[in-house]
Amino acid sequence: MIGTEAKTTHSELVKDVDETTFMAEVVDKSMTIPVIVDFWAPWCGPCRQLGPALEAAVEAAKGKVVMVKVNVDENQMIAGQMRVQSIPTVYAFWQGQPVDGFQGALPASQLKTFVDKLAALAGDGGLADAVAAAEEMLTEGAAVDAAETFAAILGEDAENAEAYGGLIRAHLALGNLEQAEQFLAAVPAKIATAAPVEAARAQIALAKQAAKAGPLDALKAKVEADPADHQARFDYATALHAAGDVEAAIEQLLELFRRDREWNEGAAKTQLFTIFDALKPTDPIAVKGRRRLSSMIFA
């Protein structure tokens, strides 16, 4: 009954294997994902201590490693081939070969280190490449495909800030402002202030402003008629940004800041930072705008 219970309490990342499945579930599978092999027996007290703790560490790695359990009483041939002399014995396989291991029960902190080290061997499982591909889709105008790809990435890594930010921006590109806001609200607290999420938050704020932007030509004429009309200049900058002329919008806000940096509780500077945050940090427009603003602040 003990062996049966062990089989029914595993997570989806843990399997029982035998001599017929060892090659497929350990050697073959380790070509794409690290595999931890736990050699144990129902009568082994330290095994019952180690097993659940090791499973918990594997579960915490969120799919970056998997684990199999080998009952040595039922699979003596495998234990002999792996030269298991005492239990519990744990091996780690990567790309078909054992790369690490230990004997006996270890504290949770050491198990975490063992699992994290193994997970690092496989990198991020290709998620960075997937994010890059989704970003390219978004740049090329394939916002639906980009949204689907970002969502799939979040299915693998629910705390991927780049994917969350991309998913929000994809829905903004599709005109789904309300859904973009819902995704922003669902961002895990751990990554809520990450740069990709902050960029998406800034883009939502700008999208809301764009929906209320006035007619571009009329606002331009109003500013030209009265350059000291700060509200008109601010509204003109908002309309320019809504029309896609980001550089011109920044220019108008810098001029407003130069004329009266304290106007409307520093609205020009706040708006500039919102625009900068919405752009990539390396965007030439953002870099140039930040430099000019800094020179004006500290002049």
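The radius of gyration used here is taken over C-alpha atoms, and the rule for a globule is 2.2 Å times the number of residues to the power 0.38. Residues are numbered from 1 along each chain as its sequence is written. This is a predicted model, in which local features need pLDDT of at least 70 and side-chain atom pairs count only at pLDDT 80 or more, while totals for chains, interfaces and linings use all residues; side-chain values use heavy atoms, with hydrogens and water left out.

**Exercise 1: the overall form**

Find out how the radius of gyration of the chain compares with that of a compact globule of 299 residues.

Solution.
Step 1. The globule rule gives a value near 19 Å for 299 residues, but the chain has 28 Å.
Step 2. Now look at the box: along the principal axes, the C-alpha atoms fill roughly 90 × 40 × 30 Å.
Step 3. Next come the parts. The chain has 15 helices and 5 strands; helices (H or I, at least four residues) and strands (E, at least two) are DSSP runs, numbered from the N terminus.

**Exercise 2: inside and outside**

State what percentage of the residues count as buried, and describe the accessible surface of the chain.

Solution.
Step 1. Learn the classes: buried means under 20% relative accessible area, exposed means over 50%, and partly exposed is in between (1.4 Å probe, protein chains only).
Step 2. Of the 299 residues, 41% count as buried.
Step 3. The accessible surface comes to about 15,900 Å², and 53% of this belongs to carbon and sulfur atoms. These areas come from the Shrake-Rupley method with a 1.4 Å probe; for residues, only the protein chains shown count as cover.

**Exercise 3: charged partners**

Count the salt bridges, then work out which parts of the chain are tied together by Lys117 and Asp100.

Solution.
Step 1. Side chains of opposite charge can pair when their charged atoms come close. A salt bridge here is a side-chain nitrogen of Lys or Arg within 4 Å of a carboxyl oxygen of Asp or Glu.
Step 2. The structure holds 15 salt bridges. One of them joins Lys117 and Asp100, whose closest N and O atoms are 3.8 Å apart.
Step 3. Lys117 lies in helix H5 (residues 108-121) and Asp100 in strand S5 (residues 97-103), so this pair ties together parts that are 17 residues apart in sequence.
Step 4. Check the surroundings too: Lys117 is exposed at 58% relative accessible area, while Asp100 is partly exposed at 27%.

**Exercise 4: two bridges that involve helix H13**

Which parts of the chain does the pair Glu251 and Arg292 link, and what separates Arg258 from Glu255?

Solution.
Step 1. The side chains of Glu251 and Arg292 meet in a salt bridge of 2.7 Å, N to O. This pair links distant parts of the chain, with Glu251 in helix H13 (residues 246-259) and Arg292 in helix H15 (residues 284-297), 41 residues apart.
Step 2. Glu251 is partly exposed at 37% relative accessibility, and Arg292 is partly exposed at 30%.
Step 3. Arg258 and Glu255 also form a salt bridge, with their closest N and O atoms 2.6 Å apart. They are 3 residues apart in helix H13, so about one helical turn separates them.
Step 4. Arg258 counts as exposed, at 54% relative accessibility.

**Exercise 5: buried residues and their neighbours**

Decide whether Asn160 is buried or exposed, list its contacts, and then do the same for Thr274.

Solution.
Step 1. Asn160 sits in the loop between helix H7 (143-156) and helix H8 (161-173). With 9% relative accessibility, Asn160 counts as buried.
Step 2. Contact means heavy atoms within 4.5 Å. Leaving aside neighbours within four places in sequence, Asn160 is in contact with Leu127, Val131, Ile153, Leu154 and Ile191.
Step 3. Turn to Thr274, which lies in helix H14 (residues 263-278). Thr274 is buried, at 18% relative accessible area.
Step 4. Not counting residues up to four places away in sequence, Thr274 touches Ala202, Ala205 and Leu206.

**Exercise 6: backbone details**

Where is the residue Pro88, and what kind of peptide bond joins Ile87 and Pro88?

Solution.
Step 1. Pro88 lies in the loop between helix H4 (76-81) and strand S4 (89-94).
Step 2. The bond that joins Ile87 and Pro88 is a cis peptide bond, with omega about 0°.
Step 3. For another backbone angle, try Lys62: its phi is near 55°, a positive value in a residue other than glycine. Lys62 is in the loop between helix H3 (45-60) and strand S3 (66-71).
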